[in-house]
Amino acid sequence: MSGGEVAGILVAVFWAILVSFLALALVRLAQTLKAATRLVAEVTDQAVPLLSEASATVREANTQLARVDSIASDVQEVTSNASALSSTVSTAFGGPLVKVAAFGYGVRRAIGRKGRPEDEPAPARNVVIGKTLPSARRGGRRNRGSKG
């Protein structure tokens with residue numbers, strides 16, 4: 001056997017090993033493609049009912065949103081009616097009620113002054129130096145000096 005024949009045999013063995021590795025890789029690739037095809041088919045079988053359920057859910061949500069929209073428009077109408085009623089009531093009764101309250105206030109002041117003579121000074125107030133009374137106890141509008 002010469003060196004050329006040995007080299008030819010080595011090349012043939014190398015090619016046989018290479019071809020068997022390639023064949024093994026192709027067989028594995030074919031198995032992977034079959035598994036992927038099965039997986040895609042199963043996903044498709046499951047996705048179609050899910051998509052139909054999702055579209056039914058979206059349709060139902062649109063129906064509910066239409067109902068909510070009509071309810072919101074009714075609430076807006078009721079709110080505007082209540083606002084109009086409130087302004088009408090305040091216009092109709094506000095002025096006379098203010099006049100009645102002012103009349104009542106004037107009567108109370110007149111009755112309060114009628115009880116004591118005009119030359120008699122107002123009752124003395126107790127003043128404690130260094131103490132400040134809380135705002136709720138400082139006296140109302142009657143005790144202020146600016147009004148009369």
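Leu-24 has a relative accessible area of 44% and is therefore partly exposed, since that class lies between the 20% limit for buried and the 50% limit for exposed. The model is predicted. Leu-24 belongs to helix H1, which covers residues 3-114. The protein chain has one helix and zero strands.

**Chain surface**
- The protein chain has 148 residues, of which 1% count as buried.
- About 13400 Å² of the protein chain is exposed, and 66% of this area comes from carbon and sulfur atoms.

**Nonpolar patch**
- Leu-24 is one of the residues that make a nonpolar surface patch of about 820 Å².
- The other contributors to this patch are Met-1, Val-6, Ile-9, Leu-10, Val-13, Ile-17 and Phe-21.

**Annotated span**
- An unreviewed UniProt entry annotates residues 6-29 as "transmembrane region".
- In the model, residues 6-29 are 100% helix and 0% strand.
- The C-alpha atoms at the two ends of residues 6-29 are 34 Å apart.

**Aromatic pair**
- The count of aromatic pairs is one.
- The ring centres of Phe-14 and Trp-15 are 6.1 Å apart and the ring planes stand at 65°, so the pair is classed as edge-to-face; the cut-offs are centres within 6.5 Å and planes over 60 degrees apart.
- Trp-15 has 49% relative accessibility and therefore counts as partly exposed, because exposed requires over 50%.

Note on methods: Residues are numbered from 1 along each chain as its sequence is written. This is a predicted model: local features need pLDDT of at least 70, side-chain atom pairs count only at pLDDT 80 or more; totals for chains, interfaces and linings use all residues. Side-chain values use heavy atoms; hydrogens and water are left out. Rings of Phe, Tyr and Trp (its six-membered ring) pair if their centres lie within 6.5 Å; planes under 30 degrees apart count as stacked, over 60 as edge-to-face and the rest as tilted. Buried means under 20% relative accessible area, exposed over 50%, partly exposed in between (1.4 Å probe, protein chains only). UniProt positions are given in the numbering used here, feature names are shortened, and annotations may be inferred rather than shown by experiment. Helices (H or I, at least four residues) and strands (E, at least two) are DSSP runs, numbered from the N terminus. Patches are made of residues with over 30% relative accessible area and no salt bridge: like charges are joined within 9 Å, nonpolar side chains (Val, Leu, Ile, Met, Phe, Trp, Tyr) within 5 Å. Accessible areas come from the Shrake-Rupley method with a 1.4 Å probe; for residues, only the protein chains shown count as cover. A salt bridge is a side-chain nitrogen of Lys or Arg within 4 Å of a carboxyl oxygen of Asp or Glu.
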